[in-house]
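Here's a quick walk through one model, with the ligand, a helix and a threonine as the stops. Have the structure open while you read.

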Amino acid sequence: MVFETEINEAAEVLRRGGLVAFPTETVYGLGADASNLKALARMFAAKGRPTSHPVIVHLADVMMLPEWASEISSAAVRLAERFWPGPMTLILPRAQGVLDAVTGGQDTVGLRVPNHPVALGLLKAFGGGVAAPSANRFGRLSPTSAEHVRMDLGILVDMILDGGACTVGVESTILDLSREHPVLLRPGAITIEMLTEVLGEPPLTREASSTRAPGTLKIHYAPKTPLKVVNSEELMSFVESLLSTDKHVAVMARRPLPVANPNVHWLVAPSDAKNYAHDLYANLRFLDSLGSDRIIVEAVSTDVDWHAIQDRLQRAEGNG
Ligand code: TXA
Ligand code: MG
């Protein structure tokens, strides 16, 4: 439970150039005043993130868009009306005065109105744009609880607003509207189908657009333990082959373990996409904490509802 006094105090911390971690419906953000260079420098340092990497600016209200974006297309207006507040980030041409530290020196800016009472309360109390990447160390799993933030950033953050577990559990859908055609840079809870309905045409995917999205590194959101995604049919034989070489394995499957084994930690993940996403990062953090040799994840469905999850599992596999 977060009280108004805490939210006001957090807004004050932002005004002084401090860092506030706050819950959104997707993941926890590490907030800094998007107009304060020193605050942004502290935020990049706390995350251990390269300064060329752009951050999303969070706004209390769609009415603030013209302060941050120089061109707001009719598609942007329609999408904002439909999905904000919500788990969608729009990349738009930046307004004059938006700091290079926010945009990574590009001529575009990422903007989002999050759908969480604490986030919206903080943004309203603060009044300006809040730059907020996910509140984890660079390259690690995004935090979906205040406890995750404490473990990752500890004293590097001035204040953590604890809003409990995030409902969505994976980061926002990112749609680039600054080019000739809309490009989906990161899948999320707002699916391609939902975007298509509003746009009247499907957005291009990053691969199809052949433009490299800055900052979308291949290895990202990774646990420390090597992770591998394995098809359902091969899951058991793969686990057994590792066990036969005396390895300890942590498995995230969607069915129970047939025969108990002391060298296997078997976790059964939810069978529907919403709950699977909600638990995803907490489950991966837990499996990562066991100190096993490998994390094995049973592959998920290829349906559109699982698109964001598939994307995050692929990224987590980067170092596996
Ligand atoms: O759900 C979310 O989006 C969460 C919550 C806190 O809002 N935030 C989040 O931020 O995931 P972050 O920084 O971890 O990921 C933002 C992504 C990065 O991959 C960054 O490269 C991309 O957004 N991004 C930000 N501004 C951009 C821009 N102008 N052009 C292209 N990509 C941009
Ligand atoms: Mg992140």
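A residue counts as exposed when its relative accessible area is over 50%, and as buried when that figure is under 20%. Keep in mind that this is a predicted model.

**Helix 2**

With those cut-offs in hand, take helix 2, which spans residues 37–47. Its buried residues are A39, L40, M43, F44, A46 and K47. They all sit on the same side of helix 2, because they cover an arc of only 160 degrees around the axis. And what does the face turned away from the buried side carry? There you'll find the exposed residues L37, K38 and A45.

What do the buried residues of helix 2 pack against? Their partners are strand 2 (29–33), helix 5 (100–103), strand 6 (130–131) and helix 7 (146–153).

Both ends of the helix are worth a look. At the start of helix 2, N36 has a side-chain oxygen that comes within 2.9 Å of the backbone nitrogen of K38. After the helix comes G48, with a positive phi near 70 degrees.

**Around ligand 1**

Now for the ligand. There are 25 residues around ligand 1, and the ones that come nearest are T26, R49, H58, S172 and R186. Three side chains put an N or O atom by a ligand oxygen, as tabulated here.

| Side chain | Distance to an oxygen atom of ligand 1 |
|---|---|
| T26 | 2.7 Å |
| R49 | 2.9 Å |
| S172 | 2.6 Å |

On its own, ligand 1 exposes 680 Å², and the protein buries 97% of that.

The shell around the ligand is a mix: 11 nonpolar residues, 10 polar and 4 charged. Strand 3 (56–58), strand 5 (108–112) and strand 9 (183–186) each chip in at least two shell residues. Which element gives the most? That's strand 5, with 4 residues.

**T24, behind a ligand neighbor**

T26, one of the residues that come nearest to ligand 1, also has a protein partner: its side chain makes a polar contact of 2.8 Å with the side chain of T24. T24 sits in the loop between strand 1 (20–22) and strand 2. Is T24 buried or exposed? It's buried, with a relative accessible area of 2%.

The side chain of T24 also makes a polar contact with that of R112, at 3.1 Å. Leaving out residues up to four places away in sequence, T24 touches R112, P114, H116, A119 and C166.

Note on methods: Residues numbered from 1 in each chain as written. Chains lettered and ligands numbered in written order. Predicted model: local features only at pLDDT ≥ 70, side-chain atom pairs only at ≥ 80, totals over all residues. Heavy atoms only, no water. Near = heavy atom within 4 Å. Polar contact = N/O pair within 3.5 Å; in protein donor to acceptor, adjacent residues only side chain to side chain. Areas by Shrake-Rupley, 256 points an atom, 1.4 Å probe, with all protein chains shown as cover. Nonpolar A, V, L, I, M, F, W, Y, C, P; charged D, E, K, R; others polar. Buried < 20%, exposed > 50% of the residue type's maximum accessible area, 1.4 Å probe, protein only. Arc of directions from axis to C-beta. Contact = heavy atoms within 4.5 Å.
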